[in-house]
Amino acid sequence: MPFSLQKVLAAGQIHPLYNASVPYPPSPERVKKLQEDARAGENLDLKSFEILQKDTLYDVNERLLDDLSPQNCFRQRAYVSLTGGGSGSPPLSFITDVDENRKHRAEFGQFLQTAGLIQNGDWLLTTHYAGDLSLDLMSETTENAGASVLSAGNHMSPKDVADSLKKYHVNVLCGESNQIVQLAHFISTLPEQEQRALKLDKIIYTSEVLNKSQRKLIRAVLGDIKICSIMGSAEAGPWAVSHPDLTGVNDETGVQDFVFDTRSMVVEIFPLSLSEDGGHAEPLPEGEQGIVVQTSLSRMRNPVIRYNTGDVASTHPLPESARAHVPAGDWEHLRVLRLHGRDRRFGFKWDCVYFQFSDITAAMNNEECGILQWQVILDQLEGSRENTIELRLLCPPRGPEFLPRQEVVGRLRNFFNAYAGNEHRFKVAFVNDMDEFERSRTGRKIIKFVNRVA
C-alpha cells in the first residue's frame, strides 16, 4: 500500500463504474492477479478516464447493492462507508474491500504521526457518531498513529465528556466540528477551577471547517490550543490533514490548508465550468483555484478514479517553514490543498429573489455577528403555496466585540429582503444548543440548507 496508479487504472478498466459494458466489479481473486501482473495497466493513461460524477457513482452502487446474483462480487468481503448527507442529498453507500480498508487505515494512521497530529503518549477522546460508521474509523486510525483512544461516541453527555477529559488526563479532543463547538460552549459554563483542570493541548475535528467565531470561542475557553483537522469521504476514506505546524494559523477566512501525500492520492484541479463542459476540460496548473478531482491509490477492488468531489480548492507546495516538522524522505511527496469549501454556485429562490449559498455563508460568517452555527429552512405556510424561510442561529453571549442580537436580526432582514409584506413568512430563531438544528440521517451532520418544499 498504496497501489500504483497503473494498477488502479487497470482495475478501473474492468469495473462498471468506468466501463458500462461490464456488469459486475472484478472479484478479489482477479484484483489480486492484477496486482501480481507486472504489465497490468502499463498502456493506460489517467486522462483516458472520464470524470466520474456523484450521480453515476450513486446509481451504480445502488444497483450493485440490490443485485443478489451469485456473479455479483460487490457484496463480498465488503466494508460499507456512508456519506454524512450534510448537504441534504441522499446518503451514498460506498463499498471497500475489507483488506484494503484495514491497510488504508494503517497507512493513514502512519500519516497522522508523520504530520504531527498524533504523537507518542497522546491520550485522545473521540465523540464521533456511533452507529453511523464514523466512530470506528477515527478510533482505529488514531490508534494506528500511536494514540491511546477513548471512544466516547456521540451519546455521552457534554458533562460526562468533560469529566472523562479530566479523569483520564486527556490531551487530544477529537470530534465533528459542531460537537467541538458544543463542548467548548458547555465548558465555558463550568466554574473556572473545573476549566483549569482540563489539560487539552490539541483538537482534531472533522466535517465542516470551523469559522472564525467558532475558533475564537474555542481559544477563549481552552487557551492557546492547536486546532487540527482531518478530511475524508465515504469514497476516498481519510486522506488529508490540517496542522498549524505545517501550514500556519489562519483564522481570518473560511479557507483552510490541508496536507496530502501524492503517493496515496492524485489530485487534479479543474475549472469551475467543469460540469458545463461535460467533463472535457483540462486540469489547471498548481496554484489556480477550481474543482477537486481525485484518484485514490488506496482503493483498487472498487477504485476511485477522477472523481468529482464538488470541493473548490487549489494545490500548492508546502511552505519552507514546515521543513522542521516533516521527515526529509517525505518532503517531496507532500502538497498543500487550499480548500475554499463546496461548489456553491447554486442557491435557492425565496420571495422572487435568488440567494446564492456563497453569499449566505459570507453574511452568516461576518465576525461582528458572532454566529457559531446556522441553518436555513425553506418551507411553506400551512394551507398555502407561499414559501417561508426560517434562520436558526447559535450565538455566544454578547460581548462588546459582537453586534446586539436585534442588530444581527436587522442585518439578516435586509439581506433576505424581509419587509412588512412578507415578514409573516420570515423568522429568526436563536437556539441554545446544537440539538435544536436539523441533522442528516447518516453522519448526523447539521444541514446548512433544509428544503421542505422540494
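Colleague: Why is cysteine 174 called buried or exposed here?

Modeller: This is a predicted model, and in it cysteine 174 has a relative accessibility of 0%. Buried means under 20%, so cysteine 174 counts as buried.

Colleague: And how do you know whether the sulfur of cysteine 174 is bonded or too far for a bond?

Modeller: The closest cysteine sulfur belongs to cysteine 228, and it is 10 Å away. A disulfide needs the two sulfur atoms within 2.5 Å, so this pair is too far apart for a bond. The structure as a whole holds zero disulfides.

Colleague: What about cysteine 73, buried or exposed?

Modeller: Cysteine 73 has 12% relative accessibility. With the cut-off for buried at under 20%, cysteine 73 is therefore buried.

Colleague: Let's turn to the helices. What makes H4 and H5 oblique?

Modeller: Their axes cross at roughly 55 degrees and come within 7 Å; H4 covers residues 98-114 and H5 residues 135-144. Roughly parallel stops under 35 degrees and roughly perpendicular begins at 65, so H4 is oblique to H5. The crossing is right-handed.

Colleague: Which residues make that contact?

Modeller: From H4 come Arg102, Arg105, Ala106, Phe108, Gly109 and Leu112, and from H5 come Asp136, Leu137, Glu140, Thr141, Thr142 and Asn144. By type they divide into four nonpolar, four polar and four charged.

Colleague: Threonine 141 is in that list. Why is threonine 141 called buried or exposed?

Modeller: Threonine 141 sits in helix H5 and has 1% relative accessibility. The limit for buried is under 20%, so threonine 141 counts as buried. Apart from neighbours within four places in sequence, threonine 141 is in contact with Arg105, Phe108, Gly109, Leu112 and Pro238. The buried residues of H5 also include Leu135, Met138 and Glu140.

Colleague: What follows H5?

Modeller: Glycine 146 does, with a positive phi near 110 degrees.

Colleague: What makes H7 and H9 oblique?

Modeller: H7 (residues 177-187) and H9 (residues 212-222) pack at about 40 degrees, with axes 9 Å apart. Roughly parallel requires an angle under 35 degrees, and roughly perpendicular starts at 65, so H7 is oblique to H9. This crossing is left-handed.

Colleague: Which residues are involved there?

Modeller: H7 contributes Ile180, Val181, Ala184, His185 and Ile187, while H9 contributes Gln214, Leu217, Ile218, Val221 and Leu222. These divide into eight nonpolar, two polar and no charged.

Colleague: Now some loops. What is the phi of arginine 77?

Modeller: It is positive, about 45 degrees, although arginine 77 is not a glycine. Arginine 77 lies in the loop between H3 and strand E1.

Colleague: Why is arginine 77 called partly exposed?

Modeller: Its relative accessibility is 44%. Buried ends under 20% and exposed begins over 50%, so arginine 77 falls in the partly exposed class.

Colleague: And how do you know whether histidine 169 is buried or exposed?

Modeller: Histidine 169 has a relative accessible area of 60%. Exposed means over 50%, so histidine 169 is exposed. Histidine 169 lies in the loop between helix H6 and strand E5, and its phi is positive too, near 55 degrees.

Colleague: Last one: why is arginine 63 called partly exposed?

Modeller: Arginine 63, in helix H3, has a relative accessible area of 38%. That value lies between the 20% and 50% cut-offs, so arginine 63 is partly exposed. Beyond its neighbours within four places in sequence, arginine 63 is in contact with Pro16 and Pro23.

Note on methods:
Residues are numbered from 1 along each chain as its sequence is written. This is a predicted model: local features need pLDDT of at least 70, side-chain atom pairs count only at pLDDT 80 or more; totals for chains, interfaces and linings use all residues. Side-chain values use heavy atoms; hydrogens and water are left out. Axes are lines fitted to C-alpha atoms, for helices over the stretch in contact, and angles run from 0 to 180 degrees between N-to-C directions. Helices (H or I, at least four residues) and strands (E, at least two) are DSSP runs, numbered from the N terminus. Angles under 35 degrees count as roughly parallel, over 145 as roughly antiparallel, 65 to 115 as roughly perpendicular and the rest as oblique. A crossing is left-handed if the near helix is turned anticlockwise from the far one by less than a right angle, and right-handed if clockwise. Contact means heavy atoms within 4.5 Å. Ala, Val, Leu, Ile, Met, Phe, Trp, Tyr, Cys and Pro count as nonpolar, Asp, Glu, Lys and Arg as charged, and the others, Gly among them, as polar. Buried means under 20% relative accessible area, exposed over 50%, partly exposed in between (1.4 Å probe, protein chains only).
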